[in-house]
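Student: I would like to learn how to read a protein model one feature at a time. Could you guide me through this one?

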Amino acid sequence: MPTVTMTVNGQQVSREVDPRTLLVDFLRNELHLTGTHVGCDTSQCGACVVHVDGTSQKACTMLAMQADGCEITTIEGLAKNGELHPMQAAFKEHHGLQCGFCTPGMVMSAVDLVQRNPDPNEHEVREWLEGNICRCTGYHNIVKAIQHAAKDMRG
């Protein structure tokens, strides 16, 4: 079996993998990073979003081998020194967490949005989240949380 090597949340990891292993399964089953969820397995719900070399990607449609040599950040890698990332804190403060199943993917997508557009309006936030499904339909608080976090991230 081939070996993949990548940096996950700042730690270099190497594992032998079946070439058919999805990145989401590699993260959950090999590295035990269960914050990344498998929602639909068809790239429609966004529960599996992680950052690959700094941009959001759906880990259920990417092979682990495609991430060889890449830097991966999961929801577990956002908080630093015991402090929540501003996006995580805003989701908590503005009740954007709902049941929590979609939350990691939403947060990872939202961080990517704000890195690309530091001051997104409501329409831009809703359009960006088109690939993320909240089964609780709590989009209003999620949008509020992202706009609040964007303000905090701008400083």
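The dialogue below goes through the sheet, the helices that lie across it, and some salt bridges.

Tutor: Before we start, keep in mind that this is a predicted model.

Student: How are the strands of the sheet ordered?

Tutor: As a general idea, strands of a sheet pair through backbone hydrogen bonds, either parallel or antiparallel. In this structure there is an open sheet of five strands, and its order is E2-E1-E5-E3-E4, with mixed pairing. Strand E2 (11–16) and strand E4 (55–58) stand at the edges, where each has a single partner strand, so one side of each is left without a neighbour in the sheet. If you ignore direction, neighbouring strands of this sheet are turned by 40 degrees against each other on average.

Student: Which way do E1 and E2 run, and how many bridges join them?

Tutor: E1 and E2 run antiparallel and are joined by six bridges, and within this pair Val-8 stands opposite Gln-11 in E2. The hairpin of E1 and E2 has two residues between the strands, and there Asn-9 takes a positive phi near 50 degrees. Towards the other edge, strand E3 (residues 49–52) and E4 also run antiparallel, with four bridges joining them, and Val-50 is found opposite Gln-57 in E4.

Student: Which strands does helix H1 lie across?

Tutor: Helix H1 (residues 23–30) lies across strand E1 (3–8), E2, E3 and strand E5 (71–73), and its direction makes an angle of about 80 degrees with E1. Helix H3 (residues 103–116), for its part, lies across E3, E4 and E5, running at about 40 degrees to E3.

Student: Which residues of H1 are buried, and where on the helix do they lie?

Tutor: The reading of burial rests on a cut-off, with a residue called buried when its relative accessible area is under 20%. In H1, Leu-23, Val-24, Phe-26 and Leu-27 are buried. When you look down the axis of H1, its buried residues fall within an arc of 165 degrees, so they line one face of the helix. The cover over these buried residues includes E1, E2, E3 and E5, which you can compare with the strands that H1 lies across. After H1 comes His-32, whose phi is positive, near 60 degrees.

Student: How many salt bridges does a search of the whole structure find?

Tutor: The search finds five salt bridges, and one of them is formed by Glu-30 and Arg-15, whose closest N and O atoms are 4.0 Å apart. Glu-30 lies in helix H1 and Arg-15 in strand E2, so this pair ties together parts that are 15 residues apart in sequence.

Student: Are Glu-30 and Arg-15 buried, partly exposed or exposed?

Tutor: Glu-30 counts as partly exposed, because its relative accessibility is 35%, and Arg-15 is also partly exposed, with a relative accessible area of 30%.

Student: What other salt bridges can I look at?

Tutor: Arg-154 forms a salt bridge with Asp-119, with the closest N and O atoms 3.2 Å apart. This pair links distant parts of the chain, since Arg-154 is in helix H5 (residues 139–154) and Asp-119 is in the loop between H3 and helix H4 (122–128), 35 residues apart. Arg-154 counts as partly exposed at 42% relative accessibility, whereas Asp-119 is exposed, with a relative accessible area of 53%. The side chains of Arg-20 and Asp-18 also meet in a salt bridge (2.7 Å, N to O); here Arg-20 is exposed at 68%, while Asp-18 counts as partly exposed at 25%.

Definitions and conventions. Residues numbered from 1 in each chain as written. Predicted model: local features only at pLDDT ≥ 70, side-chain atom pairs only at ≥ 80, totals over all residues. Heavy atoms only, no water. Pairing = 2+ DSSP bridges. Axes fitted to C-alpha atoms, helices over the stretch in contact; angles between N-to-C directions. Contact = heavy atoms within 4.5 Å. Buried < 20%, exposed > 50% of the residue type's maximum accessible area, 1.4 Å probe, protein only. Arc of directions from axis to C-beta.
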